[in-house]
Amino acid sequence: MSTSIGLRLRNALDSDFAYLFLRSPVAVLSAFVVIVLVLAAIFAPLISPQDPFNPIELNLMNGFTPPGTPNAFTGESFWLGTDDQGRDVFSTILHGMRISLFVGVSAVSFALLLGVTLGLLAGYVGGWTDTIIMRVADVQLTFPAILVAMLIFGIAKGITPVEYRDQMAIWVLILAIGLSDWVQFARVVRGATLVEKGREYVQAAQLIGRRPGAIMLRHILPNVLSPVLVIATISLALAIIAEATLSFLGVGAPPTQPSLGTLIRIGQGFLFSGEWWILLFPSLTLLALALSVNLLGDWLRDALNPRLK
Amino acid sequence: MLAYILRRAAQSVLVLLVVGLIAFSMFRFIGDPIDNMLGQEAQQEDIDRLRTELGLDAPLLVQYVRFLSSAVQGDFGVSYGQGRPVADILAERAPATLELALVSGTLAISFGIVFGVFTAIRRNGFAAQAIMSLSLIGVSLPTFLIGILLIYVFSVELGWLPSFGRGETVELGWWTTGFATRSGLLALILPSITLGLYQMTLIMRLVRSEMLEVLRQDYIRFARARGLRTRTVYFRHALVNTLVPVTTVIGLQLGSIIAFGIVTETVFQWPGLGLLFVNAIQFVDIPVMAAYLMLISVMFVLINLFVDVLYFFIDPRLRVDRSEASA
Amino acid sequence: MGHDLANPVLSLRDLTVEIKTRRGLLKPVDGVSFDIAPGEILGIVGESGAGKSMTGNAVIGLLDPPARIAGGEVRLAGQRIDTLSSEEMRRLRGKQIGMIFQDPLTSLNPLLRIGDQLTETIRTHLDLGANAARERAIAALDEVGIPAAEERINSYPHEFSGGMRQRAVIALTLCAEPSLVIADEPTTALDVSVQAQIIALLKRLCRQRGVAVMLITHDIGVIAEAADRIAVMYAGRMAEIGDVAEVLRRPRHPYADGLLSSTPAASAGQARLRQIPGAMPRLTALPEGCAFAARCERAQDRCRQGAAPRLEADNGRTACWFPIQHGEVEA
């Protein structure tokens, strides 16, 4: 298995894929932005000048310091300014992005696992299993993902005891976004499975007594990797936006663990009073993140599926 | 045709029953309805009386049927937060949401189709390429950021347009409209652009790709080979064929306009159903959440049915009985 | 057959089509010349990719970019048309040149009634009112043998069978009375039982009206049935042209010979079908000299060097340095 993936990877790098990638400035640039942002998020505790959630490091006197200019009382200076509590905006953005990316990646991974598993089952087993899974998918598709996610969030919040709500919020968010997004994976994988199932090599594998699980994993799964990769990338952009939206609405990451969306929600309160930096910088970061992942996904779809061009 | 519509209608009823079941489960199993209504210091006899009164001692199936039948009659219970019948609150909030959805839906569909057709026909032109690049930004831009940006430019900096609320409204029976006053119309502008922009981008991109697909078809080549005017080829032959697959998606988009209304309504503090729903989630106001869910489902199902019926008017291939008569 | 080749409807001289690609300049049509007289049917045969359809598209001005006419002339009734503006060319299409495509199932707009597609074509090219156009449309359907044309004019394409649709397509092509019809594989997508009817119909209508026909097909049987003359194309170039009976009986270009003896209809009575070894070279990798040399039993050094042999419209029958001689015994 690992050798075949290694082989695939090497083939991919030798192929048109790498050529097309290097030829597309948009793809290279957005990949660069994504990598920088992801690294910044991973190493946020090391990079950020202060720990914005450690009250000892905060000085209320530093509140509302505009970007780049020294504070009138303390003389301290902050790159991107501070918020009302004297938190360094740059640090909160790094930590916020960490949460946004963590929720986004976890939610997509969850959706991917769930969707691929259910799709393989529906396509390979067929019959009632197929009918039930796809019916649920159809019903869910009738509703926009964001609404489904909000509803799941609301229900989960209702079930969780009040004192645990803030702690659980991040996990509930992952569950809600992941559950709202599995259908696409399931549909694509099911379709591909139905095609592959009819192929002779799968029938041959069945004849020599391979177990269904092994056939699905070793023969069918590799064939659906590239559409799954495309969907996963585009889903990641959507998941990041969904997380930001929920947090912005106040039904996502709590103020104690603010994601980019929470920061924007907080920043919106200062829109009229003139402290624009508290709102602007988290917004720009979110935009850069969502846009570059989106562009990458868009490019990936074109590169892996030339027919769509 | 009738058989098809009936089958779709049956499916819709099934969807509604499932949604009803979810709403019922929320109602029945999240928190204790009695606690929520009477508070913590209730007397045991009051609790028992209320339990019997509300029918909570009946078998679950009976409770579900009762729940559904009262929901059909417009009885969604009492809001935990406001202590008023949910139905009243919904009726009060619905006009704001529907007017906003109507305006932004119209904007999204008309501009989406126009831009989509333009970018497909002038595929390699500078303007078309620019619009396409902008649209990708539009898709990546979360709705709430668009709203905030518009508020910043047009309310904070320029001071031209209001940043929140519906402005003055006029009552027409139980309906309140913002269409009749100047401040009501002004208040509609920013929210409807915010809400419509994302949908417009989606519709535009879809129309463009469908139209490009249609322009590759043989009947377009044949129409050209017959020397038809370019205008005729594009608008009579290509556009109409483009709209067939686009109709379904536009229908679904109208549904998500109502859903994304939640975000827009929050940004602009628009007193509609979406804002109500967000507040309900924040305060775990289960009856309101359940009622909103059911109301939205009914709207979605109706829109889908409407789209199905619309198909028969656009696409003659679906009018099965006709072709049978003349085959 | 007595066709007036002195005043041809269509006249190609050295027509060359180029496509610019990442891998270089391709010539899917390279120096093609021929004439078609009024009322004459010229069959063009060749493998897929030989440049048959591309030639047809170039004549009617429907080349898809980046393909473009890079050289030569196209004359319609003596007037040069490859230099016309796209609007002037649009006016010619349908009115002077008609085109029939391979698949009648996809050639008709599924959302418009047959009658509407006919009347819009008629009214684009002829100055007629709605009623007159409708009558003409009914007459056109009647002519191509669609029964109860008066009622059928209100039908949608999906209500017609495949053969009926191709009849409707022919009616659409002929309704503004063009002098040239390009039929690109008009029967390939049809049932075998319907093919002969459609060919017969096309032949009859064109004969009656004196319409010149460029019949593109890979089906030698169709050519034998309908065409007056035959042109064989290979790798974008003309290999052989001549009277259909003559070429079918005594092909002179080795490729034409191979093509004919690998086709059942044309080689009836032969013990077994022969194959041409190898495959047509890709346009990206055309060899020097004759494109067929690598597959040719008769090829000699001269064939593999220098310029390829050319076939001019007014001189000779075959583009080959060593054509099969009349009466020669085959190896």
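A crossing of two helices is called right-handed if the near helix is turned clockwise from the far one by less than a right angle. Keep that in mind as we walk through this predicted model, beginning inside chain C.

Look for helix α5 (residues 130-143) of chain C and helix α7 (residues 162-174) of chain C, whose axes lie 9 Å apart and meet at an angle of about 130°. That angle is why α5(C) counts as oblique to α7(C). The crossing of α5(C) past α7(C) is right-handed. On α5(C), the contact comes from Ala140(C), Leu141(C) and Glu143(C), while α7(C) brings Ala168(C), Ala171(C) and Leu174(C). Sorted by class, this contact has five nonpolar residues, one charged residue and no polar ones.

Now let's move outward to where chain C touches chain B. Here 26 residues from chain C come together with 22 residues from chain B. On the chain C side, two or more residues each come from α2 (86-92), α3 (104-107) and α4 (114-125) of chain C. The most generous of these is α4(C), with four residues. This side of chain C is a mix of 10 nonpolar, nine polar and seven charged residues.

Finally, turn to chain B and chain A, where 31 residues of chain B are in contact with 34 residues of chain A. On the chain B side, the elements giving two or more residues are α1 (2-29), α6 (126-140), α7 (143-157), α10 (230-267), α11 (273-282) and α12 (286-314) of chain B. By class, the side of chain B that touches chain A has 25 nonpolar and six polar residues, with no charged ones.

Conventions: Residues are numbered from 1 along each chain as its sequence is written. Chains are lettered from A and ligands numbered from 1 in the order in which they are written. This is a predicted model: local features need pLDDT of at least 70, side-chain atom pairs count only at pLDDT 80 or more; totals for chains, interfaces and linings use all residues. Two residues are in contact if their C-beta atoms, placed from the backbone, lie within 7 Å. Ala, Val, Leu, Ile, Met, Phe, Trp, Tyr, Cys and Pro count as nonpolar, Asp, Glu, Lys and Arg as charged, and the others, Gly among them, as polar. Axes are lines fitted to C-alpha atoms, for helices over the stretch in contact, and angles run from 0 to 180 degrees between N-to-C directions. Angles under 35 degrees count as roughly parallel, over 145 as roughly antiparallel, 65 to 115 as roughly perpendicular and the rest as oblique.
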